[in-house]
Amino acid sequence: MTTTCHMSISLDGYVAGPDQSLESPLGARGMELHHWHLDEPLNEADARARDLLLRPRGAYVMGRNMYGPVRGPWQEEWRGWWGDEPPYHAPVFVLTHHEHEPFHFVTEGFEAAYARASEAAGERGVDIAGGASTVRQALAAGVIDELVLDFAPVLLGAGEPLFEGVPDPGFEPVEVIHSPLATHVRYRVGRLG
């Protein structure tokens, strides 16, 4: 089983801008990280990277902010940023301290969410869907085998840093493709030393 992660990132290492809110879930200027796969028509390199991003996986692990903006206990009927039709067509395990339907909410931490996702995924593999905190936990746990970073040519200056506090697990670039909107780098991840 392979565990993957695919994230859009600024040149200064942020996967979301500052001041995230219901109206601006990716924070100030955060959408600029995603023009490579949202603007039509897609460049051939961006289409290849998008297809890699959207490849089917057996299960997903994501942090609570990837699911919704509500902090603390759920106080309203929230079904995810995407509404009633989630883009994931496999079990999704959300790290949270407060359970909520329709996904599998895990309150026992990253290791428990990853174990449940691994069991559900079987040979189809697990994808760490984000956000930054969840990816940092996955890197620290040494479970990511392949990391794809889509570097957007933008400096956010603040926001959600992807690698803050993460020991270098060792990244081996295995593919680099680029377009005017992003440089896509696929890394094999392995433990150093």
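Which residues of helix 5 are buried? Keep that one in mind, everyone; I'll come back to it after a short tour.

First, some housekeeping. What you see is a predicted model, where local features need pLDDT of at least 70 and side-chain atom pairs count only at pLDDT 80 or more, while totals for chains, interfaces and linings use all residues. Residues are numbered from 1 along each chain as its sequence is written, and side-chain values use heavy atoms, with hydrogens and water left out.

On confidence, pLDDT is the predictor's own score for each residue, from 0 to 100. The protein averages 88, and 86% of the residues score at least 70. Among its elements, strand 7 has the highest mean pLDDT, 98, and helix 3, residues 64-67, has the lowest, 77.

Now the overall layout. The protein has five helices and 10 strands. These are DSSP runs numbered from the N terminus: H or I with at least four residues for helices, E with at least two for strands. Of the 193 residues, 47% count as buried, and buried here means under 20% relative accessible area, exposed means over 50%, and partly exposed is in between, with a 1.4 Å probe and protein chains only. The protein exposes about 9800 Å², and carbon and sulfur atoms supply 52% of that; the areas come from the Shrake-Rupley method with a 1.4 Å probe, and for residues only the protein chains shown count as cover. As for contacts, meaning heavy atoms within 4.5 Å, take those between residues at least 6 apart in sequence: 68% of them join residues at least 24 apart.

Let's look at the sheet. Eight strands form an open sheet in the order 5-4-3-6-1-7-10-9, with mixed pairing. Two strands pair if DSSP finds at least two bridges between them. The edges are strand 5, at 104-106, and strand 9, at 171-178, each of which pairs on one side only. From one strand to the next, the twist averages 20°.

Let me walk you across, starting at strand 5. Strand 5 pairs with strand 4 in the parallel sense over three bridges, and Leu 95 stands opposite Val 106 there. Strand 4 is also joined to strand 3, again in parallel, by four bridges, with Val 92 as the bridge partner of Tyr 60. Within strand 4, Val 92 and Val 94 point one way, Phe 93 and Leu 95 point the other way, and all are buried. As a reminder, in a regular strand the side chains alternate between the two faces of the sheet.

Strand 1 is next on my list. All eight of its eight residues are buried: Thr 3, Cys 5, Met 7 and Ile 9 point one way, and Thr 4, His 6, Ser 8 and Ser 10 the other. Strand 1 runs parallel to strand 6, with three bridges, and Thr 4 stands opposite Asp 127. Strand 1 also runs parallel to strand 7, this time with seven bridges, and Ser 8 stands opposite Asp 150.

Is Ser 10 buried or exposed? Ser 10 counts as buried because its relative accessibility is 1%. Leaving aside neighbours within four places in sequence, Ser 10 is in contact with Leu 33, Phe 151, Ala 152, Val 154 and Leu 156.

At the other edge, strand 9 and strand 10, residues 183-189, run antiparallel and are joined by seven bridges. Pro 173 stands opposite Tyr 187 in strand 10. Helix 2, residues 44-53, packs on the sheet and touches strands 1, 7, 9 and 10; its direction makes about 130° with that of strand 9. Such angles run from 0 to 180 degrees between N-to-C directions, using axes fitted to C-alpha atoms, for helices over the stretch in contact.

Helix 5, residues 132-141, packs on the sheet too, touching strands 1, 3, 4, 6, 9 and 10, and its direction makes about 140° with that of strand 6. So here is the reply to my opening question: Ala 132, Thr 134, Val 135, Arg 136, Ala 138 and Leu 139 are buried. After helix 5 comes Gly 142, with a positive phi near 75°.

Last stop, the aromatics. Rings of Phe, Tyr and Trp (its six-membered ring) pair if their centres lie within 6.5 Å; planes under 30 degrees apart count as stacked, over 60 as edge-to-face and the rest as tilted. A search of the whole structure finds three such pairs. Phe 163 and Phe 171 have ring centres 5.9 Å apart and planes at 65°, so they are edge-to-face. Together with Tyr 187, Phe 163 and Phe 171 form one aromatic cluster.
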